[in-house]
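This report looks at how two protein chains meet in a model, and then turns to one backbone feature. Please keep the sequence and the structure in view while reading.

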Amino acid sequence: MSGLSRMRGALARGVLRLVPAGRRDWVAAVWAEAGEVPPGWRRLAWRAGGVRLVARETLQRRTTGVTLLFAAAAALAVWAAWPGSPAGFATSVDLADVITVVVLLGTLALATRRLFGPAGGGRTAKFLRIAVYAAILALIPAKNVVEQVLDAPPRGGIDLRLYRLISGPGFGNHWKNEILFLAVMALYAMAILWLTSQRARLAPATLVIGTVAGGALGVAWYVVGPLGFGGAPATNPWLPGSDVAPFMVLAVILLFAAPIAAMVAAGMRYTAPARGRIRQVVAAGLLTSLTGALLATVSGTGTIAAMLSAPWLRDWLYRDHQLAGVAGLQLLLRGNPAALAYSHQITAATDAPPFLIICVVFPLVALALAGLGSLGLAASVPGQPAAQTEVPGGDLSSGVASAT
Amino acid sequence: MATRSRLSAQTLSVLAALREEPSQWHHGYALAKLTGLKSGTLYPILIRLADRGLVEACWQDEPQPGRPRRHLYRVTADGLAAAAPVAQAESARPGTRVTPTGRAVVRRALS
């Protein structure tokens, strides 16, 4: 079989997959019948009818709306994130980010539907899926704005990129960081698709608890993030002369408290059976960390991107803010407005990369807490082996019934 | 069927074509030639008729060498019963196509 034939076969199989299972025979029938039609325009018209049938049947699927929504959001993200600046490292990174994320999200949605089944857990599951996909797509243009600033030529004669703080691990433009970022986003999307799938058998209440707790965690870390991650003082007009340390303390407490609270709440809502309860508890903690980290990352990076694009916002938030660890910077910048503006830009931009650390650390913390919690929960049910207490075929209804 | 059916003249023409030789299996292209319908119109009609149990469909058992298996269609007993008023309307007025009255009768039979 030639390469062209193989490609045609693969394309036909791909097109058939768009059509609902019960209608695929009909599309195949039109294609098979085309061989009986005299070649030329008639056969072409016959095949065009087959394409019409595919379009008609595909558009009648319930998932078509979601597919179109994703396509529109992906197109918007590509339009917003596509780099227009001259070629450079940041441009290559931006292109790789945009293309990889869109392909990744689309592929994961299709693959996980086969592996995990469709969305379960009611409206919250669907909302979570849409929100997480929208968040990841929105993150790309914001991240690309930051990348462009980090890679931009310095102004005012001072190349702040030379400082080790910026060029060190986690801050510099390194492909390994990009690969890590894309892998983390893929894991996030996959984890959310799993947690919201029918196969995960999570109660809607568990999803709600995890989302709400994650929202609180995300907001706390968002407040800390763009206003001076790392403890540098921010000139907030409502807190004159104070730095963000109190917020940082609160955020660190919430990093542990939010997943624990979610796990406790999920465990109280879902009382039976034992193994199902452990699943709800672990999922609530993990979901809290995932949604919290993603919310903080997207809103934080988005705010930083807005600051980089809007000088008034940047100058307001970063008026006296300077790069942590760069001694004597104010002296260097004195009387050099271009260098000062550049320092504000690069200071804001360097606050973005640590969000990747948040995305990695938060789920690890939640998994550790969830592991401890599930061990405690398993030990508290003496004489009831978890595997024997689960109702075959799903315990969601019984668990929810007992919880409500 | 509880839902109200909407049978177009094209749908009725497909039923009429199948009714000509009710025991025979028909190919899509043959039906297209008999009815003058394009594939993009014919197949959605066949799908609707099959969904309502008026037409049955199957794949050819023994395809011709070098050719793909073909999909075959045959009118069912329900389909014949549904098409009977159309046949009566046509025989009462030879030389004419399906009348609005006959169409209404078929609609009632299918609804």
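The text below describes a predicted model, taking the interface before the loop.

**The interface between chain A and chain B**

Contact between the two chains involves 21 residues of chain A and 22 residues of chain B. The area buried between chain A and chain B comes to about 1,800 Å², and carbon and sulfur atoms give 62% of it. Three residues, A:Trp26, A:Glu36 and A:Trp46, together supply 35% of the area that chain A buries against chain B, which is more than any other three residues supply.

The polar side of the interface includes four salt bridges between chain A and chain B, one of which links A:Glu36 to B:Arg70 with the closest N and O atoms 3.6 Å apart. Between the same chains there are also six residue pairs in polar contact, counted where both residues have pLDDT 80 or more. On the side of chain A that touches chain B, helix 2 (24–33) and helix 3 (41–59) each supply at least two residues, and helix 3 of chain A gives the largest share, nine residues. The classes of residue on that side are as follows.

| Class on the side of chain A that touches chain B | Count |
|---|---|
| Nonpolar | ten residues |
| Polar | three residues |
| Charged | eight residues |

**A loop residue in chain A**

A:Arg201 lies in the loop between helix 8 (175–195) and helix 9 (204–224) of chain A. Although A:Arg201 is not a glycine, its phi is positive, at about 50 degrees. Is A:Arg201 buried, partly exposed or exposed? A:Arg201 counts as partly exposed because its relative accessibility is 24%, and the partly exposed class lies between under 20% for buried and over 50% for exposed.

Conventions:
Residues are numbered from 1 along each chain as its sequence is written. Chains are lettered from A and ligands numbered from 1 in the order in which they are written. This is a predicted model: local features need pLDDT of at least 70, side-chain atom pairs count only at pLDDT 80 or more; totals for chains, interfaces and linings use all residues. Side-chain values use heavy atoms; hydrogens and water are left out. Contact means heavy atoms within 4.5 Å. Buried area is the accessible area (1.4 Å probe) that two parts lose on being put together, summed over both. A salt bridge is a side-chain nitrogen of Lys or Arg within 4 Å of a carboxyl oxygen of Asp or Glu. A polar contact is a pair of N or O atoms within 3.5 Å; within protein, one must be able to donate a hydrogen and the other to accept it, and residues adjacent in sequence count only if both atoms are side-chain atoms. Helices (H or I, at least four residues) and strands (E, at least two) are DSSP runs, numbered from the N terminus. Ala, Val, Leu, Ile, Met, Phe, Trp, Tyr, Cys and Pro count as nonpolar, Asp, Glu, Lys and Arg as charged, and the others, Gly among them, as polar. Buried means under 20% relative accessible area, exposed over 50%, partly exposed in between (1.4 Å probe, protein chains only).
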